[in-house]
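Here are a few exercises to work through with the model open beside you. Try each task before you read its solution.

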Amino acid sequence: MKRIVYLVIALLVIFMTSCLADEIPLVTYDMIASGECANKTVYIDCAISGFDDGFFKVWVKSNDGFFYNEGLWSFSYTDALTSDEKKAFLSDAAIGNMYRFALTVYHDNSFGSSNVQSIQKLDSTVDVTELTSQFKKNCTQIACKDILRNPDKYKDYYVSFSGTILQEISAKYGDPNYLLDTGEDNGIVYLSYSLNDGADKILETDKVTIYGRIPPKRTTETYSTLLGTKTVPFIIVYFVDFHN
């Protein structure tokens, strides 16, 4: 009789766990950005886009494709995952692999790896090169003076700039920042760029085209020069094309 009771209890636990799992919705980036997922646990599908010194980057599934997530992801401080789960992911993950993550979206609609609760590798893969190419095509060219004249207008814009790397600026942590000279009047742009493992490093005098975003909370950057301070557009760089 006790065995039967234990069996029934075990089946109930399995059933309840299955029901709870089914209650977690599979969402897209657009749904998260709309605010409907704030403070909720959801599933999101992501494609691995690159690796950076133990961290990784992802494309997040959107309604009509993928959204490039600029944050660096890492499971080092993710308490919900076991060490074996973390090791298995790092040993198996490759660019283009698709994963389904269960995580909780914060109240401000932000999300990331710190509170991932489960990892599921999907059978499908994504051509990251094609995603990158499409992203570059969708970036807008804007004059620096227009951004400086009305920074609020260009918050969260995806942009591209071409020019010559004028200066490398050391950062306290991580990769250095750069000044790009576009050649136009007031045409200096401040670049923040996190280099992927194996990617070519940016050097002073390099001729490049950069693709990235004007972050909504930091549209400009002020830096020191011999003549005082100068305020220029601030860009988080996702991709760089080098020109000979």
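**Exercise 1. Two asparagines in loops**

Task: decide whether N39 counts as buried, partly exposed or exposed.

Solution. This is a predicted model, so let's work from its computed values. The relative accessibility of N39 is 58%. The cut-off for exposed is over 50%, so N39 counts as exposed.

Task: say where N39 sits and what its backbone does there.

Solution. Start with the place: look in the loop that runs between helix 2 (29-33) and strand 2 (41-52). Then check the backbone: N39 isn't a glycine, yet its phi is positive, at about 65 degrees.

Task: now treat N186 likewise, asking where it lies and how exposed it is.

Solution. Strand 8 (177-181) and strand 9 (188-193) flank the loop that holds N186. N186 is another non-glycine residue with a positive phi, about 55 degrees here. Its relative accessibility is 49%. Since exposed needs over 50% and buried under 20%, N186 ends up as partly exposed.

**Exercise 2. Cysteines and disulfides**

Task: work out how many disulfides the structure holds, using C37 and C144 as test cases.

Solution. First, the yardstick: two cysteine sulfurs have to be within 2.5 Å to count as a disulfide. Next, take C37: the closest cysteine sulfur belongs to C46 and is 13 Å away, so that's too far for a bond. Then do C144: its closest cysteine sulfur, in C139, is 15 Å off, again too far for a bond. The total for the structure is 0 disulfides.

Task: are C37 and C144 buried or exposed?

Solution. Buried means under 20% relative accessible area. C37 has 3%, so it counts as buried. C144 has 0%, so it is buried too.

**Exercise 3. The chain as a whole**

Task: sketch the protein chain in terms of its secondary structure, its box and its contacts.

Solution. Begin with the elements: there are 5 helices and 12 strands. Along the principal axes, the C-alpha atoms fill a box of roughly 90 × 35 × 35 Å. For contacts, take those between residues at least 6 apart in sequence: 58% of them join residues at least 24 apart.

Task: describe the burial, surface and charge of the protein chain.

Solution. Of its 244 residues, 40% count as buried. The exposed area is about 14,200 Å², and carbon and sulfur atoms supply 52% of that. For charge, tally 22 positive and 31 negative side chains; the centres of the two sets lie 4 Å apart.

Definitions and conventions
Residues numbered from 1 in each chain as written. Predicted model: local features only at pLDDT ≥ 70, side-chain atom pairs only at ≥ 80, totals over all residues. Heavy atoms only, no water. Buried < 20%, exposed > 50% of the residue type's maximum accessible area, 1.4 Å probe, protein only. Helix = DSSP H or I, 4+ residues; strand = E, 2+ residues; numbered from the N terminus. Contact = heavy atoms within 4.5 Å. Areas by Shrake-Rupley, 256 points an atom, 1.4 Å probe, with all protein chains shown as cover. Lys, Arg positive; Asp, Glu negative; His and termini not counted. Charge placed at Lys NZ, Arg CZ, Asp CG, Glu CD.
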